[in-house]
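Ready to practise reading a protein model? Have the sequence and the 3D view open, and try each task before you look at its solution.

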Amino acid sequence: MTVKEQAIHAKEAAVTLAAASTNAKNEALAAIATALDENRANILAANAKDVDAAKASGMGRAMLDRLTLTDARISGMIAGIHEVIALDDPIGEFLSMSRRPNGLQIGQKRVPLGVIAIIYESRPNVTVDAAVLCLKAGNAVVLRGGKEAFYSNSALMETMRAALGDTEIPADALHLVGDTSRESATALMGLTGLIDVLIPRGGAGLIRSVVEHAKVPVIETGVGICHVYVDETADLQMAAEIVENAKCSRPSVCNAIETLLVHRSVAADFLPLVKPLLDRSNVELRGDAETRQILGDCVVPATDADYGTEFLDYILAIKVVASLDEALAHIHQHGSGHSECIVTERYTHAQKFLDTVDAAAVYVNASTRFTDGGVFGLGAEIGISTQKMHARGPMGLKELTCTKFVIYGSGQVR
């Protein structure tokens with residue numbers, strides 16, 4: 001089946017899905033959760049093929065972690081589905097209702113977007129998260145994953161579509177593009193009238209390509225050039241633990257930090273304190289002259305490009321700054337609008353950081369790794385929007401809807 005044919009089938013299924021009851025959608029999600037549980041062995045075997053091929057091609061350890069499924073991660077997917085089932089259904093919610101002087105009652109009602117397409121890389125869990133969220137919000141979905149996760153994505157999609165067979169939700173509400181070539185992505189980007197919105201999830205190159213070439217509406221997500229700024233008043237031990245978590249707990253995801261900014265007055269104390277924590281994960285440090293003066297030749301000289309790079313790896317750029325204002329200016333120049341953190345004990349500095357930094361999520365004294373739909377109480381997430389559209393930050397159910405006006409009259413004419 002061609003990409004266009006899949007989109008046509010999805011468009012037809014979207015009509016049925018938009019009118020489906022909450023119970024019907026939840027029963028379909030429960031069936032998917034059960035099917036994933038029962039097919040763990042097949043899914044893990046398919047994932048093993050992808051992982052073996054990735055290792056043979058020389059994929060780095062951070063990206064391998066992103067690709068790998070485990071029994072625990074499948075359990076996490078299933079738990080996420082049940083969390084989404086428990087969430088309120090946004091479809092049909094009235095955001096407003098008012099009576100005009102002419103007697104018309106005019107309201108604004110939440111409705112599905114229609115057909116959502118997602119182009120993504122590496123992470124097979126996206127296949128499940130995207131399908132589940134889109135279904136609950138009444139949308140059909142066309143997924144196009146990367147070649148590195150082909151077997152994993154195929155096994156997951158086959159499992160989910162088969163699970164829908166005994167429910168009221170048509171299996172054609174879910175599609176996976178089998179062709180992982182650039183041509184299939186290009187075809188998907190051009191399906192005006194069939195695809196209502198396209199969401200890219202992946203590295204900067206993928207997102208930039210989609211934004212520049214898509215003819216369908218795009219929600220830009222995910223490039224995470226995130227920072228931690230250690231202020232002059234910071235609790236240095238707390239700051240060190242935050243930096244280690246934000247960089248090392250899972251460096252291949254978009255809410256991991258890429259740059260550490262340190263106030264000059266605490267740099268000589270803080271950098272030797274945090275380095276042993278980063279050494280546990282063999283993090284490569286790239287720093288400015290002051291950082292190298294404090295830590296020595298173990299730090300690679302940083303280039304300006306390093307401060308604007310999403311490494312998605314065990315690499316951290318470091319810069320010593322003279323003030324909060326310099327840190328803010330650096331973030332303004334190099335940040336991607338994703339997640340930013342200040343570690344400080346000074347209330348006025350915390351508030352200035354919160355008020356000044358232009359990002360989807362801004363933290364005081366906490367790791368940027370919390371920027372996540374599940375952590376924020378949204379269930380799973382479809383991605384993290386860095387735009388300033390109707391969706392910003394982790395995109396849950398409500399961000400996968402739009403609204404329409406409904407008008408009740410009693411014979412009014414104009």
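Below are five exercises on this predicted model, each with a worked solution.

**Exercise 1. The two sides of a helix**

Task: Find out which residues of helix α8 are buried, and what they pack against.

Solution:
- Step 1. Go to residues 182–189, which make up α8; its buried residues are S184, A185, L188 and M189.
- Step 2. Look at how they are spread around the axis: they cover an arc of only 140°, so they sit on the same side of α8.
- Step 3. Turn to the face that points away from this buried side, where you meet the exposed residues R182 and E183.
- Step 4. Now list the partners of the buried residues: they pack against α1 (3–18), β3 (115–120), β4 (140–144), β6 (197–201) and α9 (204–213).

**Exercise 2. One alanine under the lens**

Task: Decide whether A187 is buried, partly exposed or exposed.

Solution:
- Step 1. Locate the residue: A187 belongs to helix α8.
- Step 2. Recall the cut-offs: buried is under 20% relative accessible area and exposed is over 50%, with partly exposed in between.
- Step 3. Apply them: A187 has a relative accessibility of 34%, so it counts as partly exposed.
- Step 4. For a sense of distance, pick A137, which is 50 residues away from A187 along the chain; the C-alpha atoms of the two are separated by 25 Å.

**Exercise 3. A hairpin**

Task: Work out in which sense β1 and β2 pair, and describe the turn that links them.

Solution:
- Step 1. Mark β1 at residues 94–99 and β2 at residues 105–112; five bridges join them in the antiparallel sense.
- Step 2. Follow one bridge as an example: M97 has G107 in β2 as its partner.
- Step 3. Inspect the link: five residues lie between the two strands of this hairpin, and G103 in the turn has a positive phi of about 95°.

**Exercise 4. Reading a sheet**

Task: Write down the strand order of the open sheet of seven strands, then follow some of its pairings.

Solution:
- Step 1. Trace the sheet across: the order is β10-β9-β11-β8-β7-β12-β13, and the pairing is parallel.
- Step 2. Name the edges: β10 (300–301) and β13 (361–364) each pair on one side only.
- Step 3. Take β11 (residues 315–321), where six of the seven residues are buried.
- Step 4. Check one neighbour of β11: β8 (residues 257–263) pairs with it over five bridges, and H263 stands opposite V321.
- Step 5. Check another: β9 (residues 284–287) pairs with β11 over four bridges, with R286 partnered by A317.
- Step 6. Move to β12 (residues 339–343), which runs parallel to β13 and is joined to it by four bridges; S339 has A361 as its bridge partner.
- Step 7. Add a helix to the picture: α10 (residues 236–248) lies across β7 (226–230), β8, β11 and β12, at about 165° to β8.

**Exercise 5. Two helices side by side**

Task: Describe how α13 and α14 are placed relative to each other.

Solution:
- Step 1. Find α13 at residues 324–334 and α14 at residues 347–356; their axes are 11 Å apart and the packing angle is about 20°.
- Step 2. Classify the angle: values under 35 degrees count as roughly parallel, so α13 and α14 are roughly parallel to each other.
- Step 3. Note the handedness: α13 and α14 cross in a right-handed way.
- Step 4. Pick out the contact residues: L324, D325, L328 and I331 come from α13, while H349, K352, F353 and T356 come from α14.

Conventions
Residues are numbered from 1 along each chain as its sequence is written. This is a predicted model: local features need pLDDT of at least 70, side-chain atom pairs count only at pLDDT 80 or more; totals for chains, interfaces and linings use all residues. Side-chain values use heavy atoms; hydrogens and water are left out. Buried means under 20% relative accessible area, exposed over 50%, partly exposed in between (1.4 Å probe, protein chains only). The arc is that of the directions from the helix axis to the C-beta atoms. Contact means heavy atoms within 4.5 Å. Two strands pair if DSSP finds at least two bridges between them. Axes are lines fitted to C-alpha atoms, for helices over the stretch in contact, and angles run from 0 to 180 degrees between N-to-C directions. Angles under 35 degrees count as roughly parallel, over 145 as roughly antiparallel, 65 to 115 as roughly perpendicular and the rest as oblique. A crossing is left-handed if the near helix is turned anticlockwise from the far one by less than a right angle, and right-handed if clockwise.
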